[in-house]
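Got your viewer open and a hand on the mouse? Let's take a walk through this one, selecting a few residues at a time.

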Amino acid sequence: MTTHIRNFCIIAHIDHGKSTLADRLLEHTGTVTRREMKDQLLDDLDLERQRGITIKARAVAMTFKRGNDTYQLNLIDTPGHVDFQYEVSRALACCEGALLLVDAFQGVEAQTVANAYAAIEHDLTIVPVINKIDLVHARPDEVAEEMMNSLGTDPEECVRVSAKTGIGIDGLLDAIIEQIPPPSGDPDAVLQAMVFDSNYDDYRGAITYVRIMQGTVRKGQKIQFARTGQSHEVVELGQFVPHRQGCEELSAGQVGYLICNIKSLGDVHIGDTVTILGDKAAPALPGYARPKRMVYCGLFPSDGQDFSELRDALERLSVNDPSFEFEPETSDALGFGFRCGFLGLLHMEIIQQRLENEADIDLVQTAPNVTYEIVDKRGETVTIHKPQDVPDPGDIEEFRQPIVRCSIIVPNEYIGAVMKLCQERRGIQRAHEVLGANRTMLTYHIPLAEVVYDLHDKIKSCTKGYGTLDYEMVGFEAADLCRLDIMVNGNRVDALAIVCHKADADRRGRAVAKKLKAEIAQHMFEVAVQAAIGSRVIARETVRAMRKNVTAKCYGGDISRKRKLLQKQKEGKKRMKAIGSVEISQKAFMAVLSDS
Ligand code: GTP
C-alpha cells in the first residue's frame, strides 16, 4: 500500500546540517540505535568525512510507527553541490517532498535557493525547516522571513529544529507524514523503475539504486535497461536500513537497490529506466541526460616513470565515478599524461584529492579550462577541450564560450564590492533581489571561464566569507576570445597555452612571460620568452646569456665536494624539460601554471 510510504529528500546549503538531520531522523525512528550511531552515518566515503560534504546520493528506508499506523519513510540523500546537479535532479524525481533546511544563523544561501527551485520544478511538496535553533546567535524569525522573500514559504509553516540536540524532530516527523503526499503508482502495472544512483561494490559489482514508479520487481526476474538494451537477472534486491537488507520484491512507490552481477558502473546510467525483459509496453521515463563535463585540465606525473601508475589510479577512480573521464595526452613540455574532464571545479578538486590520497604520485596539473565551441571558416562547429587545439585566428569564424547564471547572496554592505568584481569578470547583471533586512541576492550571467578562474575565492575574500555563490549553465555565447601562446626561443610551449578574452591578452601575456623569465635559468645563449596570438607577438622578455657555474664557490682542490655539486646539478637536470634547446625546470612550469 503506497498510502503509508513517504519519499523525501533534504536540500540545504553546505554545512546547514543535512547529514546531522539525517542522523537524527534515523535515530528517532529507531532505524539506528544510539549505540550504532556513528555521526553522519550517510557520509560513508572517507573523503566525504574529511571534507564534510556529501558527494554521492544515498537512500535509506526508515520504519516509523505513529499510533496504529506504520509508515515507511524513504530518505534520499542528495549531493548539495551544483557540479552534481544532474544527480540532484534525478534524486528529486524520486521524491514527492523535500525538507528545505536552512541554518538559523546563516540564513538563506545561494545553494538553498538553487536547490529549492529545482525541487519546485519537480513539483515536490516543500517542508521548510529551520535548523540549529539551539545556537546562541540563532535568528529563526528573520530567517523565516528571508525564506518567505526568496522562496515564498509561509513563516508559520517553518518547522524549527535542532538536528544536534534533537529538539523539534518529532514535530518534523509529523510534518513529513501530514504534508508530503504518498507516491502514486500501481504495483500491478508493468515495471517502470528509475535509476537514480549507483555505486560499486568490490564483491557484488554495480549496485543500482532505483525508485519503482510502476509495477513490481522480484528476485530472479530478468530486467532490462531501456537505454542500453542490456538485460540482467536480479540476484538480489532490497533496501538500505541503512545497511543493505535483502527482500523478495520492491513495488510501486518504493525505493531500493538491485544487484545483477553487473561488472562495470559504466553499464548503469543514472536516469535510465528499468523494465522487465519482454515487457515491451513499459515506456522509458523521460529525462535521461548525459552529465556534461565542463571543466578540463591536464594531469602529468612529475616523474615520467609514474605514468602507468597514474593510469591505473585514474582507471580505479573512473570505475566509481563514470562522470569523470580521462584520455592520454602528450605534451612537449610535460611528457606523457592525461587530459581529464570534470563536471565542475569541485568535482575536479575531489578527484585530485582522491588521487593524492590513494596513489602516492607527484602531479603537475595544467591550468583548468572550460569547453569551447568554435565555428570554423567552413561553417562547422567543433568542440574544444584544450587551448592548444584552438585553431589559428584566421581559421575561426566564431569563438563561443559557456555562460553560467550565478546567484550570489551577500550581506548588504558587500553589494558594491561584489558588483564591481562581477563586472570585472564580464558579468551582466540580471536581477537584484532583497531577501531580508540585510541580505540581497544578485544574479549575473558570467562566462564559466571567469568563474573557474577564481571567482569563488574572490567573492569569499571580498565579503569576508559571508558571500555564497551558486551557478548553472545557460548555454554557449559568442565572445571576443583568442588563444594565447607562450613561446620559448620561438617554440610554442603547449602546456602554457590559454584561452582568454582579447582585451585581457596583453596583461596576461606579459604576466606569464615575466614569470617564466624569472624561472628560467641563464643559458649559454640568450633565451626569448614571448607571448603571442597567432603569429603576432604581444609580449617579450629576455633571459640574458650566461652559464650558472655551480662550483664557483668552491675554491681550492676539494674535488669530492665539486663532484657532489656537479652530481646534484645533473640530478636536477633530469627533472628539466627541454623546449627546443632551452631547459625549463618543472618548478618553472608549476610556478607559471599556479596562477597564469
Ligand atoms: P554537507 O554534507 O557538507 O552539505 O553538510 P551538511 O549540510 O550535511 O552539514 P552537517 O550535518 O555536516 O553539519 C554541519 C555542521 O553543523 C556540523 O559541525 C554539525 O555538527 C553542525 N550542526 C548541524 N546541526 C546542528 C544544530 O542543530 N545545532 C548546532 N549547534 N550545530 C549543528
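Here is a tour that begins with the whole chain and then stops at single residues and pairs.

**The whole protein**

Before you click on anything, keep in mind that this is a predicted model. Switch to cartoon view and you'll be looking at 13 helices and 34 strands. Color by burial next: of the 596 residues, 54% are buried. Now show the surface, which comes to about 26900 Å² exposed, with 47% of that supplied by carbon and sulfur atoms. And how do the contacts spread along the sequence? Counting contacts with a separation of 6 or more, 69% are between residues 24 or more positions apart.

**Stop one: a positive patch**

Keep the surface on and select Arg 510, Lys 514, Lys 517 and Arg 544. These residues form a patch of positive charge on the surface. Zoom in on Arg 510, which you'll find in helix H11, covering residues 502-519. Is Arg 510 buried or exposed? Somewhere in between: its relative accessibility is 46%, so Arg 510 counts as partly exposed.

**Stop two: a loop lysine**

Next, select Lys 377. You're now in the loop that runs between strand S22 (372-376) and strand S23 (381-384). Which residues does Lys 377 touch, leaving aside neighbours within four places in sequence? Show Gly 394, Asp 395, Ile 396 and Glu 397, and you have the contacts of Lys 377 beyond those neighbours. For a sense of scale, draw a distance from the C-alpha of Lys 377 to the C-alpha of His 28: the two are 65 Å apart in space and 349 residues apart along the chain.

**Stop three: salt bridges**

Side chains of opposite charge can pair when their charged atoms come close. In this structure there are 31 salt bridges, and a few are worth a click.

Start with Arg 66 and Asp 174, whose side chains form a salt bridge at 2.9 Å, N to O. This pair links distant parts of the chain, with Arg 66 in strand S2 (residues 58-66) and Asp 174 in helix H6 (residues 169-179), 108 residues apart. Arg 66 is partly exposed at 27% relative accessible area, and Asp 174 is partly exposed too, at 29%.

Move on to Glu 325 and Arg 293, a salt bridge with its closest N and O atoms 3.5 Å apart. Glu 325 sits in strand S18 (residues 325-331), while Arg 293 is in the loop between strand S16 (273-276) and strand S17 (295-301), so the pair ties together parts 32 residues apart in sequence. Glu 325 is partly exposed, at 30% relative accessibility, whereas Arg 293 is buried, at 17%.

Then select Glu 329 and Arg 339, which meet in a salt bridge at 3.7 Å, N to O. Here Glu 329 in strand S18 reaches Arg 339 in strand S19 (residues 335-342), so this pair joins parts 10 residues apart in sequence. Are these partners buried or exposed? Glu 329 is buried, with a relative accessible area of 3%, and Arg 339 is buried as well, at 6% relative accessibility.

For the last click, select Glu 109, Arg 139, Glu 142, Glu 146 and Arg 439 together: salt bridges with shared partners join them into one network.

How values were computed. Residues numbered from 1 in each chain as written. Predicted model: local features only at pLDDT ≥ 70, side-chain atom pairs only at ≥ 80, totals over all residues. Heavy atoms only, no water. Helix = DSSP H or I, 4+ residues; strand = E, 2+ residues; numbered from the N terminus. Buried < 20%, exposed > 50% of the residue type's maximum accessible area, 1.4 Å probe, protein only. Contact = heavy atoms within 4.5 Å. Areas by Shrake-Rupley, 256 points an atom, 1.4 Å probe, with all protein chains shown as cover. Patch = residues over 30% accessible without salt bridge, like charges linked within 9 Å, V, L, I, M, F, W, Y side chains within 5 Å. Salt bridge = Lys/Arg side-chain N within 4 Å of Asp/Glu carboxyl O. Lys, Arg positive; Asp, Glu negative; His and termini not counted. Charge placed at Lys NZ, Arg CZ, Asp CG, Glu CD.
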